[in-house]
Amino acid sequence: MINPADVEINIEDQQKWLLEHRNEKGYSWTDLWRLTGIAVGTVSQFAKGSYTGNNAKYAEIVFRYRQGLESQKQIALKARDVPTFFETPTTKKIMNLLNWAQQRRRIVACVGNPGLSKTESLKEYCARANKAHLITVLKSTSTVNKLTLATLRKMGDKYVRASNQLSTYMLSNLEDSPGSLIIFDDAQHLSIDQIEEVRGWFDVSNIGVAFVGNRKIIQQMTGGNRRMELAQIFSRLGMVVELDHPTEGDVEALATEWRIDDEKTFRLLTKIASKPGALRSCTHALELAAVIAQSEGEKMTHNHLLASWSQISTTSMKI
């Protein structure tokens, strides 16, 4: 990209391009405000050539915006599409667990380290199954009422009720939707009160519940001072799947997805998968390796993958 200070920017060229860009993409002036950061009234006047203020300032902003678009286009040409979900032995295990929870109306837990495609498996299951709802536990859902509202919205109910009516209304919704599966991702962030509230939903309705996240989920149900407090929820766990690291089959599935067919590259990929981040780290390394290979006009090899890993990690790697 070029530093705008190093070139002379033609204001009329930027105005003409912006107007043509708007028409080509079907953007509104509000869209262009969001994309460029130029206020709605100003961006429309600038593009039409009727702005009486500092046109050079906004021409420079448009120039930067154009360069950003061109950079995105170049990266898109070099980078291959990254698969968000592909089937592996681990994803099959997660999908089977969710199916069990929904069909048998059970509470289940899936715990393990990051980078094992847990979240993508949850999304894929919800895309395939009827009445499966995925709630990501965030700081913004830190209370029972906020978690209840987030769950109701995921179930398609946008109407916000007074807090003293939420619990009753939630139970009514669940009773009217038998066979639903409620999935909580990053469930290690749930408080004891929230876990107990979900247990209450389960007890009075015909639904399945899945808690997914790291090992803290099980630890807080079974260990320390919380053991007795959470005995009721722990006694209802119908199945627990623990995931420590990617299996060889997981790495093979990833290699197949990226069309890796040489042993040396596969062995390096296996070593990367053993590091923190697991398959996610592999995907990041493969994506960058593909860009490096394409920029050199070559098929991706072990050397490209090694080069990409050196750019995204401080951990040295040899194979």
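Which helices and strands do the buried residues of α6 pack against? In this predicted model, the answer begins with the helix itself, α6, which spans residues 118-128 and in which K118, S121, L122, Y125 and C126 are buried. These residues cover an arc of only 135° around the axis, so they are placed on the same side of α6. An α-helix has 3.6 residues a turn, and therefore residues three or four places apart point the same way. On the other side of α6, by contrast, A127 and R128 are exposed. The partners of the buried residues of α6 are helix α5 (89-104) together with the strands β1 (107-112), β2 (132-136), β3 (181-185), β4 (208-213) and β5 (237-243).

Towards the beginning of the chain, helix α1 comprises residues 11-25 and includes H21. With a relative accessible area of 6%, H21 falls under the 20% cut-off and is therefore counted as buried. When its neighbours within four places in sequence are left aside, the contacts of H21 are Y27, L32, Y65 and L69.

A further buried position is found in helix α14, which runs over residues 278-295 and contains L286. The relative accessibility of L286 is 0%, so this residue counts as buried. Residues up to four places away in sequence not being counted, L286 touches L254, W258, I260 and L269, as well as M300 and L305. The C-alpha atom of L286 is also separated by 7.5 Å from that of S308, a residue 22 residues apart from L286 along the chain.

Methods: Residues numbered from 1 in each chain as written. Predicted model: local features only at pLDDT ≥ 70, side-chain atom pairs only at ≥ 80, totals over all residues. Heavy atoms only, no water. Helix = DSSP H or I, 4+ residues; strand = E, 2+ residues; numbered from the N terminus. Buried < 20%, exposed > 50% of the residue type's maximum accessible area, 1.4 Å probe, protein only. Contact = heavy atoms within 4.5 Å. Arc of directions from axis to C-beta.
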